[in-house]
Amino acid sequence: MSQQWRGLVREELALTLLHHLPAWRMRAIERIELSSALWSVREHEIHVKPLSEVATMRPGSTSYVPDLYSRLARLPKDSDGKVELLLPIIELPKVPLLDLHITVNEEPVYRIPLDAGARLEAKYIKSLAMEAGIEVANFEGDLIDLLAAIFFLPTSQYAEIWSKYNQVSIDPRQWGHPFLRLIGKRDPLQIFLNAFLDFELKEHILGEWRDVASRIKEYTLQETMEDYLNGAEYPLIAFPQMSREMARLGKGDLDEELCSQRLRSLYLLLRDAHARKSHTDTEEAEARAGAASTLLSTYAAFGSRWTAFARCTVPVNKPFIITVKETRSIYFQHKWNKEYRSSRTFPTAEHVGRTAWKMVTFADAETNHLSIKTTDTSVRLHDCVALDEKGAPLESPIRMGVKIDGELDEQSKTFERYLRHDSTAGRRKRIWIKCHLRLNRILSFFLYLAMAITAFGISLLIWRAIEGKVGDDPFHGLTAKDAAVILIPVAFVASFLLTRENTTLAMRLRKLRQSILLVELFVLLGTAFALYVHHVVQATP
């Protein structure tokens, strides 16, 4: 068997394993540590069943993987009974990652490039379309390149252009950009495409693309939250990457006609999948509807997340463990949209950045275990809420003993750790964990007490200046001793709390109250100096 043929077999096997993750994974354990305002440390541990046992499972079993036995038999084994595979390891978000380490069977592995992984994901969408009975005759020519570009990581250039024209900056030189966009003089998407496409983009062509893309976005938003960097929602931002990839593979130059054709093909794919997922009249139609539903949810997920594939040598007859360790950015506010906030009237936690969002893959094994903890003793987990991909809460009470969506095996919430364990079949593949963070109760109490004492000191200082008396002669003022009695204790308490060393996570949670306390302290000192300058404070006893 040639090396190229073996590569194709490994790719087919990788797509099969990607489609049946819970069948060959016994359990997946994820540990998340919140220790900084910028980064969280995440450790994944995946326990894999012996592939030989999975390959011999009968159809209908929960561990059955179609064609696994025949495909494993076509790959050569070494003297230790190991075989080289292309394994889907883990699904990761398209956010900055640091210190990504992957081991399989206690050995470091080679992770394939992101563009190669994106092309595999595009082929997986094609296999789902075939399973759903959707016409894929021109799939290879129309959609593989576009899907691979969409599933590739978003460009930092577009993020920079978008933020310049959609967010207010503290730089006065940038203040005009949102106004220009508002009056229609600047379009960040058009600026991006004109800068990175090799052909001149006509206005009416861009309008046609926008119309098709808006319909694609409607299908995508039925599966996930809105995100301006999600190529699945905004496929137009993937055109520059598709152009570069076509040039690298020697497929010619990208032009307006090709872009329009492939964008239209993507819309037709999603439209047909959306139409098929509601047809469940027969058993065959129900199976196709399941594949169509999986296609839509997977397409939306791959726009904001990517799958790490790794070449590795694994034992066929023994279980092994996959470990992944990474440091990931923390996002304290997902969107300024009431749909994604808590149920309170005024969601202060979202506004002041005390809610950390964590996306978790929670159905990639037979059982999934999740733990979230904070290592900062000054910070506590006030509450953790599980949401689906669209932001709707999962937990609901059990009604009349019927199993409902959101039921899970075990859940535990404390101020230090959140635990979740589930093996329910058909559970959500991806969930959000919305972590409400608060300061330690004692530290929070002292901050509020210092704020109250400082405010009382300001009012007392002003009251004594207006109503105070010395000796037998009444006057409007106060003595230096009176001012010292008020100022010294209050200033000492406030300055102690302001200068107390904390981690960046605790500093983020206390920044609002600390800012209020700092303003109160300066108001107190400013009031005292003003009274002294105007001779309201008597320096002589």
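**Reading cavities and a small sheet**

Modeller: The count comes to four cavities of 30 Å³ or more. Keep in mind that this is a predicted model.

Colleague: How is empty space found, and what volume does the largest cavity have?

Modeller: Rolling a probe the size of a water molecule over the atoms shows where empty space is left. Here, the largest cavity has a volume of about 140 Å³.

Colleague: Which residues lie nearest the centre of the largest cavity?

Modeller: Its lining has 18 residues. Nearest the centre are Glu30, His44, Ile90, Thr361 and Asp364. Strand 1 (25–34), strand 2 (39–48), strand 3, strand 9 (355–361) and strand 10 (367–374) each give the lining at least two residues. By class, the lining has eight nonpolar, four polar and six charged residues.

Colleague: How many charged residues are in the lining of the second largest cavity?

Modeller: None: eight lining residues are nonpolar and three polar. That cavity has a volume of about 90 Å³. Among its lining residues are Phe152, Pro154, Leu229 and Gln241.

Colleague: Now the sheet. In what order do the three strands come?

Modeller: The order is 3-7-6, in an open sheet with antiparallel pairing. Strand 3 (82–93) and strand 6 (110–111) are the edges, each pairing on one side only. Two bridges join strand 6 to strand 7 (residues 305–315). In strand 7, alanine 310 is the bridge partner of arginine 111.

Colleague: Which strands does helix 1 touch, and which does helix 5 touch?

Modeller: Helix 1 (residues 3–19) packs on the sheet and touches strand 3 and strand 7. Its direction makes about 45 degrees with that of strand 3. Helix 5 (residues 114–131) also packs on the sheet, touching strand 3, strand 6 and strand 7. The direction of helix 5 makes about 95 degrees with that of strand 7.

Conventions: Residues numbered from 1 in each chain as written. Predicted model: local features only at pLDDT ≥ 70, side-chain atom pairs only at ≥ 80, totals over all residues. Heavy atoms only, no water. Pairing = 2+ DSSP bridges. Helix = DSSP H or I, 4+ residues; strand = E, 2+ residues; numbered from the N terminus. Contact = heavy atoms within 4.5 Å. Axes fitted to C-alpha atoms, helices over the stretch in contact; angles between N-to-C directions. 1 Å grid on protein atoms, 1.4 Å probe; cavity = no way out; pocket = protein on both sides within 12 Å on 5 of 7 lines; lining within 4 Å. Points joined across faces, edges and corners; volume = space filled by probe spheres on them. Nonpolar A, V, L, I, M, F, W, Y, C, P; charged D, E, K, R; others polar.
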